[in-house]
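Visitor: Could you take me closely through a single part of this model, and then show how the rest of the chain is tied together around that topic?

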Amino acid sequence: MILTKITPGQPLTDTQKNGLQLVSLLGGGKRDVVLAIDVTKSVGLNDEGRIRLRQIVADSLKPGDSVYVVTFGQDLVFNEIIDVKNPLGTPIDFSQKNPENIDKVLAKIPFNYDPNRYGTDIQKAELTVYQGIAQINQNRVSKNLPIKPQSVVWITDAPLCTKPEITCQVWIETPANSPFRIATSPESQERQNWIKALPLKERPLPIPTQSNKDYKLSVVDINPTVQEFCTPAPGGQKTCLVDPYLIKQLWLPTLILLLIVAAGIWSILKFTKLQKKWEVRIKLQDNEDEEPICRLPNNKKIAIGEDDSSCIHSISFRGGDIRAYLERKGEKLYLVPKEDAKIELNNKKVTSRTLISSSNFTLNCPDSRQRDHEISIKIKK
């Protein structure tokens with residue numbers, strides 16, 4: 001796959017921002033963390049700075065983070081080939097929070113200044129780092145992989161996010177021939193465009209040195225984002241980048257969520273129906289003027305004949321003993337005859353547990369003289 005160097009794109013909608021945030025959460029909350037450390041003599045990490053850096057590595061890094069250690073002075077210097085695929089070098093895979101991985105990160109951090117580095121070009125460092133982390137997420141989009149939230153930890157005494165053009169009054173160390181001293185240079189404009197394009201949230205912490213000067217440990221958090229590009233296409237259409245990416249990433253989780261919601265609603269409705277008591281209207285042949293009503297909860301029975309302590313109701317008829325039970329199981333009603341008992345359901349003799357499929361039915365309990373004792377029942381669920 002051919003990857004292209006990214007440039008700042010057009011603004012994202014709130015819906016797209018929320019969608020990208022959701023994609024990053026579905027990716028397991030993994031992050032890119034860049035430790036950008038000024039190794040010129042003007043910083044010279046003191047004991048407090050070393051303690052705080054160790055705190056970040058030991059306490060703040062999470063399993064799944066990708067950690068980049070970037071050092072800078074006039075330039076950013078890498079010990080490997082930097083390209084579009086690896087714009088900030090090969091990350092350290094912080095797969096587990098254990099001493100081995102913590103030591104692996106600490107081993108790459110320069111805790112002392114480099115005497116061969118001088119003249120911090122902070123705006124050049126910002127451009128390289130911010131374009132680099134934007135490239136990393138854009139590469140994931142090209143491969144249809146979940147993007148990540150990102151953070152840059154700056155250790156420097158140089159000012160961050162200054163306006164285009166940086167004069168000696170603002171920062172004296174910028175080299176005289178640096179294009180960032182010119183506000184209209186392509187480099188200055190590109191840096192400013194990245195600062196506008198990325199949702200940067202800075203949290204600085206000044207650290208005093210023994211010479212009564214300060215440098216800062218600044219954490220710049222960046223919400224998960226990518227660059228959007230929409231291009232006119234034939235037929236009055238246009239092709240964009242973010243929406244198709246979001247559809248590819250979110251269609252399956254959305255479908256699963258909808259199925260879960262549907263299953264939840266179905267379960268609630270099912271539970272509600274099961275909790276509802278059925279209305280059982282009874283009309284005896286011997287007494288057609290009365291039509292008593294009883295309520296039948298789930299998993300309960302009505303005795304056909306005399307009273308039964310295991311039942312909530314009974315349907316008595318003249319000279320009758322217990323012939324059967326009306327038993328509710330969920331949304332189904334069964335006629336359960338007693339052994340050798342004579343009972344008919346809709347004029348058909350029943351000798352075993354039988355499902356009653358109609359809400360209106362007739363039971364007949366003939367006596368020893370073959371006289372009928374009919375019971376008409378209506379069920380309202």
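**Strand pairing and the contacts around I304 and E279**

Guide: Since this is a predicted model, what follows describes computed geometry, and a convenient place to begin is I304, for which the bridge partner in β12 is I315. That pairing belongs to a set of 3 bridges by which β11 is joined to strand β12 (residues 313-315), the two strands running parallel. I304 also has a bridge partner in β13, namely A324, and here the strands concerned, β11 (residues 301-304) and β13 (residues 324-329), run antiparallel and are joined by 4 bridges.

From there we can turn to the open sheet, in which 6 strands follow one another in the order β10-β9-β19-β18-β15-β16, with antiparallel pairing. The edge positions are taken by β10 and β16, each of which has a single partner strand, so that one side of each is left without a neighbour in the sheet. Starting from the β10 end, β9 pairs with β10 in the antiparallel sense over 4 bridges, and β9 is joined to β19 by 6 bridges, again with the strands running antiparallel. Further along the order, strand β18 (residues 360-364) pairs with strand β19 (residues 374-380) over 5 bridges in the antiparallel sense, and within β19 the residue that stands opposite N360 is K378.

E279 deserves a close look in this sheet, for its bridge partner in β10 is R295, while its bridge partner in β19 is K380. The side chains of E279 and R295 also meet in a salt bridge, with a distance of 3.4 Å from N to O. Because E279 lies in strand β9 (residues 278-284) and R295 in strand β10 (residues 293-296), this pair ties together parts that are 16 residues apart in sequence. As for their surroundings, E279 is buried, because its relative accessible area is 14%, whereas R295, at 43% relative accessibility, counts as partly exposed. Salt bridges that share partners also join K273, R328 and E331 into one network.

In general terms, side chains of opposite charge can pair when their charged atoms come close. The structure holds 14 salt bridges, and among them is the one in which the side chains of D32 and R140 meet at 2.8 Å, N to O. This pair links distant parts of the chain, with D32 in strand β1 (residues 32-38) and R140 in helix α4 (residues 122-142), 108 residues apart. D32 has a relative accessible area of 0% and is therefore buried, and R140 also counts as buried, at 11% relative accessibility.

Helix α4 is involved in another such contact, for D75 forms a salt bridge with K124 in which the closest N and O atoms are 2.3 Å apart. Here again distant parts of the chain are linked, since D75 is in the loop between β2 (65-72) and β3 (92-94) and K124 is in helix α4, 49 residues away. For this pair the computed accessibility is 35% for D75, which therefore counts as partly exposed, and 29% for K124, which is partly exposed as well.

Backbone geometry adds two residues to examine. As a general matter, most residues other than glycine have a negative phi. E165, however, has a phi near 80 degrees, a positive value in a residue other than glycine, and E165 lies in the loop between β4 (150-156) and α5 (186-197). With a relative accessible area of 39%, E165 is partly exposed. N346 is not a glycine either, although its phi is positive at about 50 degrees; N346 is found in the loop between β15 (344-345) and β16 (348-349), and at 40% relative accessibility N346 counts as partly exposed.

Finally, the surface carries a nonpolar patch formed by I247, W251, L252, L255, I256, L259 and I260, which together have about 710 Å² of accessible area. One of these residues, I256, is found in helix α6 (residues 242-275), and I256 counts as partly exposed because its relative accessibility is 42%.

Terms used: Residues are numbered from 1 along each chain as its sequence is written. This is a predicted model: local features need pLDDT of at least 70, side-chain atom pairs count only at pLDDT 80 or more; totals for chains, interfaces and linings use all residues. Side-chain values use heavy atoms; hydrogens and water are left out. Two strands pair if DSSP finds at least two bridges between them. A salt bridge is a side-chain nitrogen of Lys or Arg within 4 Å of a carboxyl oxygen of Asp or Glu. Buried means under 20% relative accessible area, exposed over 50%, partly exposed in between (1.4 Å probe, protein chains only). Patches are made of residues with over 30% relative accessible area and no salt bridge: like charges are joined within 9 Å, nonpolar side chains (Val, Leu, Ile, Met, Phe, Trp, Tyr) within 5 Å. Accessible areas come from the Shrake-Rupley method with a 1.4 Å probe; for residues, only the protein chains shown count as cover.
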